[in-house]
Amino acid sequence: MFLVALLFSCQSKESVIDKTTIKELDLERYMGTWYEIARFPHSFEKDLVGVTASYHLRDDGKIDVINAGYKNSLNGPYEEAKGKAKMPNPEKPGELKVAFFLFFYADYNILELADDYSYALIGSSSPKYLWILSRTPQLEETTYLQLVQEAQKRGYDTSQLIRVPQK
């Protein structure tokens, strides 16, 4: 009985998050470099600052991904992770998949995207992952706060957000 209750409590927490993605995406406009303005803490970006994500469309329609940053300080050692992404269903363009290890793909959900592609709110199928991205190293504070508020409305615990120092 305890196991059943635990299972339902985990499911109810997951279902509280609104994972609705954007309905339209110009993939070519989305390509290029994005600066990580804020993120939830997780092991694969531990102690990284000055983080960027660069996307490049390949001839086969997939996307090359390079996530990079500096360990512990903006003058620290440079680290880079190369991966790939894809859009499995063109009818759901905001639901991408990204992999950094073999064929193990994770959800990359574009929750919000500025009309001019200047900022984005990215989530996953789990409430444990959230990113605020910008085309510039700094994001206007009012825009940042609007994105935080949108994430809160969607059910994310935004008190976990870490602001990421940028060069």
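**Group meeting: a walk through one chain and one methionine**

Okay, so this protein chain has three helices and nine strands, where a helix is a DSSP run of H or I with at least four residues, a strand is a run of E with at least two, and both are numbered from the N terminus. Quick warning: this is a predicted model, so local features need pLDDT of at least 70 and side-chain atom pairs count only at pLDDT 80 or more, while totals for chains, interfaces and linings use all residues. Residues are numbered from 1 along each chain as its sequence is written, and side-chain values use heavy atoms, with hydrogens and water left out.

Reading along the sequence, you get α-α-β-β-β-β-β-β-β-β-α-β. The radius of gyration is 16 Å, close to the 15 Å from the globule rule for 167 residues, so the chain is as compact as a globular protein of that length. That radius is taken over C-alpha atoms, and the rule is 2.2 Å times the number of residues to the power 0.38.

How many of the 167 residues are buried? It's 41% of them, with buried meaning under 20% relative accessible area, exposed over 50%, and partly exposed in between (1.4 Å probe, protein chains only).

Now, Met 31. You'll find Met 31 in the loop between α2 (27-30) and β1 (32-39). Met 31 counts as buried because its relative accessibility is 13%. Leaving out residues up to four places away in sequence, Met 31 touches Tyr 55, His 56, Leu 57, Ile 63 and Arg 135; a contact means heavy atoms within 4.5 Å. Take Leu 57: it sits 26 residues from Met 31 along the chain, yet their C-alpha atoms are separated by 6.8 Å.
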